[in-house]
Amino acid sequence: MQKTAITPTREQNYPEWYQQVISAADLAENSAVRGCMVIKPWGYAIWELMQQDLDKRFKKTGHVNAYFPLLIPLSYLEKEAEHVEGFAKECAVVTHHRLVADEENGGLKPDGELEEPLIIRPTSETIIGESFAKWIKSYRDLPLLINQWANVMRWEMRTRLFLRTSEFLWQEGHTAHADADQALLETKLILDLYADFAEQVLAMPVIKGEKPCFERFPGAVSTYCIEAMMQDCKALQAGTSHFLGQNFAKSSGIQYQNKEGELEHAWTTSWGVSTRLIGGLIMTHSDDNGLVLPPRIAPQQFVIQPIYRNEEQQQIVLNYCQKLKTDLEQQSFAGNEIRVLIDDRDIAGGSKSWEWIKKGVPFRIEVGMRDIEKNSLMLAPRDSIGNKQAISRDDLIQNAVTLLMTMQDNLFNKARQFRDSKIYSINSLSEFTQFFAGELNIDSGFASAYACDEVQIEQFIKPLKVTARCMPLAENQETGVCIFTGNTNAKKMIFAKSY
RNA sequence: CGGGGCGUAGCGCAGCCUGGUUAGCGCACUUGAUUUGGGAUCAAGGGGUCGUGAGUUCUAAUCCCACCGCCCCGACCA
């Protein structure tokens, strides 16, 4: 009978465990505004690290940042037919521009109705398209590679912290190119960038793939994604990259003159990742004692806990800790200074330790008089609780980077091993049905099967509450017989229950 | 929008059925003492429009009515 810091455990009640991890790690909380969250400092620090890393990658690949308005005229959204249909139902609409005293009922009421309603952006293709149309005149203006860090709002029916909130933070890239090939290359470049980020930084293994037609972004020609498996075997779409063809260029009038002097529509892409990644991060690594952070995304990589009994000792121990912190900070890990915090708060040592465990800090270091006399320390790694060990100060300083790197690799390998062990090859419709009905002695997982990219296969999977996640790019060469329709030339498709 | 549940201290709840002192408990918080190497102990404190409004009554957290809000299940989820 082992006591866990988080109740219930993952096995007892996974969704509730998820909420509890967020609360125990102090990442975020529900706000008074329906469906919107307050991201607290520890959660926001994780987001900032994601932003910094991604931003560097975008800039290295030639993109630049800009900012576009939060409010989009209704008429802009109406321009692209599929886009309207996909988003109309979940938009927040601004219809008035001031408040006046409400004589009848007291309080305030909206006044000054707008001639044209404005919608709060659910995504920015249309309003950025408007600017692109003005900016692009000649083939010399292409490619145009823009990214924006922003918030968007989608009026979701049911929300869950980080995974689906009404307002969320993200980056959205929008690019325009002179031809289809260039745009498609961009789409794939970003897909690779996202996958590399997810795996190297978040230690979250992902499958790169293309969405089947019925899961495409509204208005896109093709949608590519990275799909991750959570510890309950559900799938999480962790990022998308869309090839928009000329659809938005035509609806927004993005045209350029080519070398021959002819007017042509540009080819555009859009792509994004959001604060949902934090949800994915939580559900990939965390355990029954709370959050587990891969070192590269941990706001603090080492937390030093000084232990002393009186003011005299306090002085000695704190000085020692300060020097230790400096020595660690002089090294760099994954291109950044090692992040170290001395937690000198006057609270009981036990609860202080548990607090950092629940927050997922990779390494805790305890320093007391005994250690100082022996020039050693107690080192407690987050990924193996109970494995607290004495280590000499010199060893720690020398091996700090290796320790971080090793933990980063271990977390990724563990997650990848878990995922790979839960992907099953399915060869018939009956097997498919049994698999998702839990009749195959398999708890759950991803199903990999040949399926054709046609809307009609939805009728087979929807009743099972299963979704088609993607057609993995790595397996796109082989073709087979669709388990639903019997058509040949079907590609491998991944199916799963999803968030 | 349908079905179910819940609003009492920052959080979690009891009290309501059967109306009756000053509305209580746990956690958290403050102060003091003793502690301190894996979730400390004791003592003393602070903190409440009992969701809102109207009603029944000598008396309402408790009974009646209306409204508001939240949660769960379903529909929805690019």
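So, helix α13: its buried residues pack against two strands, β22, residues 423-425, and β23, residues 446-451. Keep in mind that this is a predicted model. The helix itself covers residues 429-436, and the buried ones in it are Phe432, Phe435 and Phe436. If you look down the axis of α13, those buried residues fall within an arc of 85°, so they line one face of the helix. After α13 comes glycine 438, and its phi is positive, near 75°.

Okay, now out from there into the sheet. β22 and β23 sit next to each other in an open sheet of 11 strands with mixed pairing. Reading across, the order goes β3-β7-β8-β14-β11-β10-β9-β24-β25-β23-β22. The edges are β22 and, at the other end, β3, residues 64-65; each of them pairs on one side only. So the α13 phenylalanines come from a helix whose buried residues pack against an edge strand, because β22 pairs on one side only.

Let's walk in from the β3 end. β3 pairs with β7, residues 144-153, in the parallel sense, over 2 bridges. If you want a residue pair to click on there, valine 64 has isoleucine 146 in β7 as its bridge partner. Next step, β7 to β8: that pairing is antiparallel and runs over 10 bridges. Glutamine 148 is one to look at, with glutamate 172 in β8 as its bridge partner.

Further along you reach β9, residues 207-210, and β24, residues 467-472. These two run antiparallel and are joined by 2 bridges. Here glycine 209 has proline 472 of β24 as its bridge partner.

There's also a helix over this sheet. α6, residues 180-200, lies across β8, β9, β10, β11 and β14. Relative to β11, residues 235-243, it runs at about 155°.

Last stop, the RNA. Which residues come nearest to strand B? Out of the 35 residues around it, they are Ala5, Met157, Gly350, Trp354 and Gly368. As for elements, the ones giving two or more residues to that surface are α4 (81-87), α10 (349-359), α11 (369-374) and β20 (376-381). The largest share comes from α10, with 7 residues. And what's the make-up by class? We have 14 nonpolar, 8 polar and 13 charged residues on the surface near RNA strand B.

Definitions and conventions
Residues numbered from 1 in each chain as written. Chains lettered and ligands numbered in written order. Predicted model: local features only at pLDDT ≥ 70, side-chain atom pairs only at ≥ 80, totals over all residues. Near = placed C-beta within 6 Å. Helix = DSSP H or I, 4+ residues; strand = E, 2+ residues; numbered from the N terminus. Nonpolar A, V, L, I, M, F, W, Y, C, P; charged D, E, K, R; others polar. Buried ≥ 20, exposed ≤ 12 C-beta atoms within 10 Å, placed from the backbone. Arc of directions from axis to C-beta. Contact = placed C-beta atoms within 7 Å. Pairing = 2+ DSSP bridges. Axes fitted to C-alpha atoms, helices over the stretch in contact; angles between N-to-C directions.
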